[in-house]
Amino acid sequence: MPLRLPDWRPRAPLHALMFDWLARAGVELALLRLDRLDPLISGNKWFKLEPHLARAARLGAEGLISLGGAHSNHLHALAAAGHRFGFATAGLLRGHPQDTPTVRDLQAFGMQLHWLGYGGYRARHQPGFWAPWRALRPELLPVPEGGGGLEGARGCAQLVEQVRAGLPGLGWTDYDALWLAVGSGTTLAGLVLGEAGRHPVHGALAVPADHGVEAQVGRLLREAGREDAGYRLTDASRCGFARLDPELAAFLFACEAEASIELEPLYTAKALLALRQAVESGHIARGTRLVMLHTGGLQGRRACLPRLRELAGYTQGDGVREAP
C-alpha cells in the first residue's frame, strides 16, 4: 500500500537554562527541546525525514530504506515513524550484526535490517551503490545517511520558526545567535536557510574537521541558491566522533543535575561544553541571548551510560538517570 504522509506537526518547547557559568558571564541561554517532541520520534531527525516522506508519498512508494550504525538516531527515528504511521522501513547497517539497545528497538519496530560489513558500508558514496537495493526493494524510497541532502536541510529550516514561536514564553523579543551540535551539517544548513541572514548560526562540530562538514554545508547552501555564509564552525569533537573523556562526562552529569535535563553525550553535551568554553574565554559578550538546539538522541545514551559513569567516577547506586 502506498505510503501516506502523516498529518503530524510536533512542536518543541523553548526552555531557559540557568547555569552558574552563564550567570557569571551575563549570558542568557534557551534550549529548543527537540528531545521533548515525542517519546520515540524525538530530536531533529523527524524534520530531516518529513520531506523524504512527502516525496515517497508523491511517488507512490510504500516506505523508506536508509543507512546508519548500530546506535543510529536516524534509523531509530525512521523505524519508530514507520511503526507509528504504518509504513515499511529497511535499514542498511554498518559493520556486522550487533546487539545494542538501538538495534533491539529497530527490530521491535519492524525494520528489516541488512548488515553491510565495514567495506560494504564504505561503498555507500560510490556511484551505483543504490542500484541493487532498488532492484531488491523497488517499493522503498532510498534516503541518504542521516536523512541528509537538500530535502533534509529544507525540513530543518522550519526549526527557526519554532524558536521564534517560543520567544514570548521566555519574555524575549529576539536572540543574538543559534548554537547546535553538527554531525553531517544538514541541520546547520537548514537553520542557515531558515534564518536567511537574520541571525548567525554557530555549529559545534561533533566530528573532526577533516570529515568534510564545511564542504557539505557549502554544497547544500549553493544547491538552495543561498550564499555560503551566515554560520561558523567550532571544533567540539574532543579528538574524535563518539570520543568520551572524564571532563565531558563530569560536565554532562553536572549540567543534568543543575538544570534537571538529560543530555546526549556525543552531540548536545559536546556543543554545550564548547559553548561554556567560549563563554568563559570571553568570546561571547555580556548581555548576549543565545538559543541552542537539543537535538535529541537520548535513546543512544543507553549504550554509553556505563562508560560515562565510569569516566565521571560514579559508583553503582549513585542515582544517574537513564533515558527512557
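**Ring pairs and charge pairs in a predicted model**

At 41% relative accessibility, Arg307 counts as partly exposed. This residue makes a handy starting point for a walk through the structure, which is a predicted model. Arg307 forms a salt bridge with Glu310, and the closest N and O atoms of the two are 3.3 Å apart. Both residues belong to helix H13 (residues 298-312); because Glu310 and Arg307 are three residues apart there, about one helical turn separates them. Glu310 itself is exposed, with a relative accessible area of 55%, a value that falls in this class because exposed means over 50%.

Arg307 and Glu310 are one example of a wider theme. Side chains of opposite charge can pair when their charged atoms come close. In this model the count comes to 19 salt bridges. Some of these salt bridges share partners, and in this way Arg24, Arg238, Asp245, Glu247, Arg276 and Glu280 are joined into one network.

Two of the links in question can be followed in the structure above. Arg276 and Glu280 form a salt bridge in which the closest N and O atoms are 3.8 Å apart. The two residues lie four residues apart in helix H12 (residues 268-280), so they too are separated by about one helical turn. Glu280 has 47% relative accessibility and counts as partly exposed. Arg238, in turn, forms a salt bridge with Asp245, with 2.6 Å between the closest N and O atoms. Here the partners fall into separate exposure classes: Arg238 is partly exposed, with a relative accessible area of 21%, whereas Asp245 counts as buried at 15%. The two values fall on either side of a dividing line, because buried means under 20% relative accessible area.

A charge can also be placed over an aromatic ring. The charged end of Arg94 sits over the ring of Tyr121, at 5.4 Å from the ring centre.

Aromatic rings also pair with one another, and the count comes to seven aromatic pairs. In one of them, Trp8 and Trp46 are arranged edge-to-face, with 4.9 Å from centre to centre and 75° between the planes. Trp8 lies in the segment before strand S1 (14-17) and Trp46 in helix H2 (residues 45-59), so this pair ties together parts that are 38 residues apart in sequence. Both Trp8 and Trp46 are buried.

Trp46 has a further ring partner in Phe85. The centres of these two rings are 6.0 Å apart and their planes meet at 45°, so the pair is tilted. Since Trp46 lies in helix H2 and Phe85 in helix H3 (residues 73-85), the pair ties together parts that are 39 residues apart in sequence. The surroundings of the two rings can be compared through their accessibility. Trp46 is buried, with a relative accessible area of 1%, while Phe85 counts as partly exposed at 27%. Taken together, Trp8, Trp46 and Phe85 form one aromatic cluster.

A final stop is Ala250, which is found in helix H11 (residues 246-259). With 40% relative accessibility, Ala250 counts as partly exposed. Ala250 and Leu308 are 58 residues apart in sequence, yet their C-alpha atoms are 8.2 Å apart in space.

Conventions:
Residues are numbered from 1 along each chain as its sequence is written. This is a predicted model: local features need pLDDT of at least 70, side-chain atom pairs count only at pLDDT 80 or more; totals for chains, interfaces and linings use all residues. Side-chain values use heavy atoms; hydrogens and water are left out. Buried means under 20% relative accessible area, exposed over 50%, partly exposed in between (1.4 Å probe, protein chains only). Rings of Phe, Tyr and Trp (its six-membered ring) pair if their centres lie within 6.5 Å; planes under 30 degrees apart count as stacked, over 60 as edge-to-face and the rest as tilted. A charge sits over a ring if NZ of Lys or CZ of Arg is within 6 Å of the ring centre and within 35 degrees of the ring normal. A salt bridge is a side-chain nitrogen of Lys or Arg within 4 Å of a carboxyl oxygen of Asp or Glu.
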